[in-house]
Amino acid sequence: MLHYRDLYVSSSSVKGGRDVIDALEIIEKAGIRHVELGSAHIYREDCVNYIRRNFTGFRFLVHNFFPPSRRDMIMNHASSDNEILEFSREVSIKGINAAIT
């Protein structure tokens, strides 16, 4: 049976939560510990390590476009444009690393 504790809240759903750390602090104050790290955040240097150090009681799911990129580009693994293709691979690898390390 599904219980509310099994549900995840997206960090992108927080009003005023363009910075993922700000969003997580708001979510933490609400007593929520299951979070999907969303895609609608601004770039923040070293956010993954910061999250690992400071939000240890959380369970996370990682959106395919997290952590946020410095560059504002479209992710498309089927692109014939080498720049977009390389960017897409880079974003995916960073997301996988964020999820498993």
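## Strand pairing and empty space in a predicted model

Strand β2 (residues 34–37) pairs with strand β3 (residues 59–62) in the parallel sense, over four bridges. The model described here is predicted. Within this pairing, H34 has R59 of β3 as its bridge partner. Between the two strands the chain passes through α2, giving a β-α-β crossover that is right-handed.

The empty space is described next. Rolling a probe the size of a water molecule over the atoms shows where such space is left. The largest pocket holds about 320 Å³ of space. Its lining comprises 18 residues, and those closest to the centre of the pocket are Y43, D46, V48, P67 and K94. Two or more lining residues come from each of the elements α2 (47–54) and α3 (82–100). Thus α2, through which the chain crosses from β2 to β3, also contributes to the lining of the largest pocket.

The structure also holds one cavity of 30 Å³ or more. P67, P68, S69, V91 and K94 form the lining of the largest cavity. P67 and K94 are therefore named for both spaces: they line the largest cavity and are among the residues closest to the centre of the largest pocket.

The table sets out the volume and the lining of each space.

| Space | Volume | Nonpolar lining residues | Polar lining residues | Charged lining residues |
|---|---|---|---|---|
| Largest pocket | about 320 Å³ | six | four | eight |
| Largest cavity | about 30 Å³ | three | one | one |

Key: Residues are numbered from 1 along each chain as its sequence is written. This is a predicted model: local features need pLDDT of at least 70, side-chain atom pairs count only at pLDDT 80 or more; totals for chains, interfaces and linings use all residues. Side-chain values use heavy atoms; hydrogens and water are left out. On a 1 Å grid over the protein atoms alone, a cavity is a set of points where a 1.4 Å probe fits but cannot get out, and a pocket is an open set with protein on both sides within 12 Å along at least five of seven lines; lining residues have an atom within 4 Å of a point. Grid points are joined across faces, edges and corners, and a volume is the space filled by probe spheres set on the points. Ala, Val, Leu, Ile, Met, Phe, Trp, Tyr, Cys and Pro count as nonpolar, Asp, Glu, Lys and Arg as charged, and the others, Gly among them, as polar. Two strands pair if DSSP finds at least two bridges between them. A crossover is right-handed if, with the strands pointing away from the viewer, the path from the first strand over the helix to the second runs clockwise.
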